[in-house]
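Reader: I'd like a close look at just one part of this model. Could you take me through one of its pockets and whatever packs around there?

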Amino acid sequence: MSRTALLVLADGRFPAGGHAHSGGMEAAVASGRVHDIASLEAFCRGRLHTTGLVAAGLAAAAAHGYDALALDEAADTRTPAPALRRIARRLGRQLMRAARATWPSTDLDHLAHHRPHGAHQPVVLGVTARAARLTPLDAAQAAAYESVGGPATAAVRLLSLDPFDATAVLARLADELDTVADSATAAAVRTATEGVAVLPAASAPLLDITGEQHAAWTVRLFAS
């Protein structure tokens with residue numbers, strides 16, 4: 001296990017395409033639901049405990065060695081909005097390109113072969129973590145952090161918030177992020193005997209609705 005590999009994978013500068021996506025923040029800002037630091041923190045907390053938890057579970061299970069194709073199907077069932085499915089696969093395809101160049105592995109090759117148009121990003125993240133010799137918990141933490149780090153960064157750009165304040169939001173969520181990662185990892189370990197049904201399936205209907213609406217915008221700063 002390499003701490004450096006985890007830092008590389010979780011680094012926002014890793015060329016996985018995440019910088020072009022706001023995780024629903026652009027739509028939330030446009031609607032007025034996020035307009036200051038307090039509302040940013042509430043948004044990030046809600047996203048962490050719903051889509052973040054789901055992503056962490058999928059990533060941890062993939063890092064644990066569970067069938068990535070079955071996990072990709074499980075991700076589809078946990079992503080009801082077609083627009084968000086497309087985004088997840090687009091991000092997965094970009095991450096796959098970066099991962100195969102950085103940590104070549106037969107597992108990544110196998111997933112790329114069977115999902116040429118992209119697998120869901122959390123699944124690719126988990127397979128990548130395994131290729132980088134990281135643990136399921138590492139994968140879960142990376143996925144959980146990504147679920148709030150991206151929106152927080154996007155909010156700074158969209159609202160001209162003080163980046164120090166936005167970073168403080170992420171710091172205040174640290175304990176909850178660890179709890180989400182631990183819970184997701186515990187569920188992922190059970191997939192070996194109980195299957196994908198034990199993985200988290202928390203929903204965020206408003207994110208689904210606004211994700212579909214955002215996809216129809218003709219002018220937008222972020223792809224999602």
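Which helix gives the largest share of the lining of the second largest pocket, and how many residues does that share hold?

Author: That's helix 1, which puts four residues into the lining. Before going on, keep in mind that this is a predicted model, with local features needing pLDDT of at least 70 and side-chain atom pairs counting only at pLDDT 80 or more, while totals for chains, interfaces and linings use all residues. Numbering runs from 1 along each chain as its sequence is written, and side-chain values use heavy atoms, with hydrogens and water left out.

The second largest pocket holds about 180 Å³ of space. (A pocket here is an open set of points on a 1 Å grid over the protein atoms alone, where a 1.4 Å probe fits, with protein on both sides within 12 Å along at least five of seven lines; lining residues have an atom within 4 Å of a point. Points are joined across faces, edges and corners, and the volume is the space filled by probe spheres set on them.) Go round its wall and you meet Arg3, Leu6, Leu7, Ala10, Gln141, Ala142 and Tyr145. At least two lining residues come from each of helix 1 (3-10) and helix 8 (136-159). (Helices are DSSP runs of H or I, at least four residues, numbered from the N terminus.) Sorted by class, the wall has five nonpolar residues, one polar and one charged. (Ala, Val, Leu, Ile, Met, Phe, Trp, Tyr, Cys and Pro count as nonpolar, Asp, Glu, Lys and Arg as charged, and the others, Gly among them, as polar.)

Now for helix 1 itself. Ala5, Leu6 and Leu9 are its buried residues (buried means under 20% relative accessible area, exposed over 50% and partly exposed in between, with a 1.4 Å probe and protein chains only). Looking down the axis of helix 1, you'd find its buried residues within an arc of 100°, so they line one face (the arc is that of the directions from the helix axis to the C-beta atoms). An α-helix has 3.6 residues a turn, so residues three or four places apart point the same way. Thr4 and Leu7 are exposed, on the face of helix 1 turned away from its buried side. So Leu6 is buried but Leu7 is exposed, and both of them line the pocket. The buried residues of helix 1 pack against helix 7 (121-131) and helix 8.

Following those two partners, arginine 133 sits in the loop between helix 7 and helix 8. Arginine 133 is exposed, at 68% relative accessibility, and has a positive phi of about 65° although it isn't a glycine. Past helix 8, serine 160 lies in the loop leading to helix 9 (163-172). Serine 160 is another non-glycine with a positive phi, near 55°, and it's exposed too, with a relative accessible area of 64%.

One last stop is the largest nonpolar core, with 68 residues; Met25, Leu40, Leu58, Leu111 and Val123 have the most contacts inside it. (Such a core is a set of buried Ala, Val, Leu, Ile, Met, Phe, Trp, Tyr and Cys residues joined through side-chain atoms within 4.5 Å.) Its largest share, 14 residues, comes from helix 3 (residues 37-64). Leaving aside neighbours within four places in sequence, leucine 111 is in contact with Ala68, Leu69, Met96, Ala119, Val123, Val124 and Val127 (contact means heavy atoms within 4.5 Å).
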